[in-house]
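Visitor: Could you take me through one contact in this structure, and then through whatever surrounds it? I am new to this, and a slow walk would help.

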Amino acid sequence: MSPTIELAACSKRFGERVALRRVSFTVPAGTAVALTGPNGSGKSTVLRVVAGLVRPTAGAALVDGTPAADLERTARGTIGYLGHRALAYRGMTAAENLRLMARLHRRPADAVAGALAEVGLGDRGDDRIDGFSRGMLQRLSLARILVTGPALLLLDEPATGLDSEGAALLDAVLGRLRGQVTLLAATHDDAFAARHADAVIRLDRGEVA
Amino acid sequence: MPAVRRFPGGGWVALSGAFIPLAIALAAWWVPDDADQGYSQRIFYFHVPIALTTYAAFSYGAVCAAAYLKTRDPRWDLRSYVGVHVGAIFGTLVLVTGSIWAKVSWGVWWDWSDRQLNVFLVLFLYYCAYFMLRFSVDEGEQRMTYSAVYTLLGVGLIPLSILAVRIAQSLVHPTVFTTSGAAMTHDMLLTFLVAFAGMLCLAAGMIAMELRGKRAALRVRELRRRLEGTDL
Amino acid sequence: MIRDALVLARKDLLLEVRRREVVLAMLQYVITTLVVIHFAIAGAGSSQKAAAGMLWAAILFTAVLSLNRCFAADQEEGALDALLLAPIDRAAIWLGKVLAQITFLLIMEALALPAFWLFFFGEKGPHPLPVIGAVLLANIGLAAIGVLVAGLAQATRARDVLLPVLFLPLSIPLVIAAVTATLESFPGGSGAQESLQFLAVFNIVFVSLAWGTYEHLSGE
């Protein structure tokens, strides 16, 4: 169920700027890898490439052997991506956002309540998200991923903005899913990496260090 | 590295160099006057071939765009871009020769009531916007994809242009080619075909030369990046 | 796929009802544009035929206004990425937005057309039925190409500026046919049938093209 990720000499250039240069590594199915490195080292780009949102300029990013950007629909839906932005609609409530995602991912609507509870937003479901703080949006993002029932988790600095309670909830979620999903997480926090990852890959200026 | 021909597109340009002067000679001296319009009608022998060549170049661009979307091979993107570029150049020529013809025949530089002219203008504007789109996206996969999609959308405009001509019963802009064949005598048709062949050869030659130039520039950039260490 | 498109269209309509950003502006804009154009060509005489052109120019520019905001909500918090990651046919994203845009256009036209008739056409105006037919057909074409072009433009650097530049040339054949349909619907005109047929053909061509190519607009 959970996929294997493989980057093979994956490179990405944005205009004149090289974001990734010949990055190669493998994340075996069901395992967790932490991506560390300074700002601008390409961690976010790696995650977006594996999510299929960005096509590599050269090389390949494979999810179970298929290029991520060419994944067929159902496989695409098993990707849970948490980025810098909330990936939600400001004019809608938290619950409405999650119901939309559940609908598009063919998941039952009652998964929404459970996801909200698991991230500690159980009583904020009917509030419009324009009023949400950074930490709450982060929790909402996590709930969004949970609702879609992912097999692959791509997390870009997931603890950003979370207070201690939020961080604990995040740890709980990741602990629960360990072994059932493949995880690739970008993080600055070595303790986080130690807690949740089986291996650590360090990036520096777009290359594996 | 494959052997590089000294003058790519040279064959095409040479052919056009044979056809075009011949067409000029035929149009200027050999072919008889048109019954309605007199001597000034002769620019038709160039104006229409240039217009058809414009359509041909844009179509070439669109075919290459489709090939790019299918294969994701950047070489098709380059061919598509050059096709549209050469089409835009010929398109400018159409508007210029058309204005000259209009001024001489009808006394005005431009005629808004002429649907054929307007539709060509639309197509021309559309493909000029192509360059605006292309150069507001950073180079890479996205730019190539967007350019290809935009070019293919323009394909819808080409048959609709022709349809608009059919619907418009404009008496001002002569429609010479109808579904029942060309309304021309044999010698007029011959002159026309010679000019058309010449224009197509010229366009093909220009495309070949521009491709060569662009590829050379890309090669230079690749070398520069290798020197700077910013290659992939 | 249609169901996904309807879900997404409903989402866009819900957001518009809540935030009221676009439709009210469109209503205001179309009336103001009509007035501006009327004054702008006042010197040329206020013939009925000029009025037909004004109507379509106003509709077109108001459509541009709406299309400029078409992907705004999806970009605010990057929700478009979530849609791209969903296991749906990506053309459903396009179709959902097309349905929403057609709805906004219809609301705008429900106000603009009667106002227009009142101010400019009066009793001697064209037969309303073909004009309404032209409006309905034109909405489909405008929305189809508009949403696709908006999808192109929203990923570029110059997005607000690029949308009208890319959209207007494509819309010109449609406007020509729509105006012809309106003009030929005046008493004494030869009937709008041919123009309406052209609009239908235009729609078939561009809806197919847009539907087929939207899939490709989803990567960097």
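**From one contact outward**

Guide: Happily! In this predicted model, 10 residues of chain A are in contact with 6 residues of chain B. Which elements of chain A give two or more residues to that side? They are strand 1 (5–14) and strand 2 (17–27) of chain A. Sorted by class, the side of chain A that touches chain B holds 3 nonpolar, 3 polar and 4 charged residues.

Let's follow those two strands into their sheet. Strands 1 and 2 of chain A belong to an open sheet of 4 strands with the order 2-1-4-5, and the pairing is antiparallel. Strand 2 of chain A is one edge strand of this sheet and strand 5 (66–67) of chain A is the other, each pairing on one side only. So you can trace your way from the contact with chain B, where strand 2 of chain A contributes, across to strand 5 of chain A at the other edge. There, strand 5 of chain A runs antiparallel to strand 4 (residues 58–63) of chain A, and 2 bridges join them. If you would like a pair of residues to click on, try A:Leu62, whose bridge partner in strand 5 of chain A is A:Pro67.

Chain A also has an open sheet of 6 strands, in the order 6-7-8-3-9-10, with mixed pairing. Why do strand 6 (79–82) and strand 10 (207–208) of chain A each have one side without a neighbour in the sheet? Both stand at the edges with a single partner strand, so one side of each is left free of a neighbour. For strand 6 of chain A, look at strand 7 (residues 152–156) of chain A: the two run parallel and are joined by 4 bridges. Within strand 7 of chain A, the residue opposite A:Gly80 is A:Leu153.

Before leaving chain A, pause at a loop. A:Arg106 sits between helix 3 (94–104) and helix 4 (111–118) of chain A. Its phi is positive, about 55°, although A:Arg106 is not a glycine. A:Arg106 counts as partly exposed because 14 other C-beta atoms lie within 10 Å. Chain B offers a residue to look at in the same way: B:Arg72, in the loop between helix 2 (44–71) and helix 3 (74–106) of chain B. Phi of B:Arg72 is near 60°, again a positive value in a residue other than glycine. With 15 C-beta neighbours inside 10 Å, B:Arg72 is partly exposed.

Now turn to the other contact of chain A, the one with chain C. It takes 27 residues from chain A and 21 residues from chain C. On the chain C side, helix 1 (2–19), helix 4 (72–76) and helix 5 (79–85) each supply at least two residues. Helix 1 of chain C gives the most, with 7 residues. By class, this side of chain C has 11 nonpolar, 2 polar and 8 charged residues.

What kind of secondary structure does chain C have? It comes to 9 helices and 0 strands. The C-alpha trace of chain C spans about 55 × 30 × 30 Å along its principal axes. A compact globule with 220 residues would have a radius of gyration near 17 Å, and the 18 Å of chain C agrees with that. Of those 220 residues, 49% count as buried. Among contacts in chain C between residues at least 6 apart in sequence, 80% join residues at least 24 apart.

One residue to visit in chain C is C:Thr180, in helix 8 of chain C. Is C:Thr180 buried or exposed? It counts as buried because it has 24 C-beta neighbours inside 10 Å. C:Thr180 and C:Asp74 are 106 residues apart along the chain, and their C-alpha atoms are separated by 37 Å.

Finally, how confident is the predictor? Chain C has a mean pLDDT of 87, with 97% of its residues at 70 or more. Among its elements, helix 5 of chain C has the highest mean pLDDT (93), while helix 8 (residues 159–184) of chain C has the lowest (85). The model scores ipTM 0.91 and pTM 0.85. As a reading habit, predicted coordinates should not be read in detail where pLDDT is low.

Terms used: Residues are numbered from 1 along each chain as its sequence is written. Chains are lettered from A and ligands numbered from 1 in the order in which they are written. This is a predicted model: local features need pLDDT of at least 70, side-chain atom pairs count only at pLDDT 80 or more; totals for chains, interfaces and linings use all residues. The radius of gyration is taken over C-alpha atoms; the globule rule is 2.2 Å times the number of residues to the power 0.38. A residue is buried if 20 or more other C-beta atoms lie within 10 Å of its own, exposed if 12 or fewer, and partly exposed in between; C-beta atoms are placed from the backbone. Two residues are in contact if their C-beta atoms, placed from the backbone, lie within 7 Å. Ala, Val, Leu, Ile, Met, Phe, Trp, Tyr, Cys and Pro count as nonpolar, Asp, Glu, Lys and Arg as charged, and the others, Gly among them, as polar. Two strands pair if DSSP finds at least two bridges between them. pLDDT is the predictor's confidence in each residue, from 0 to 100.
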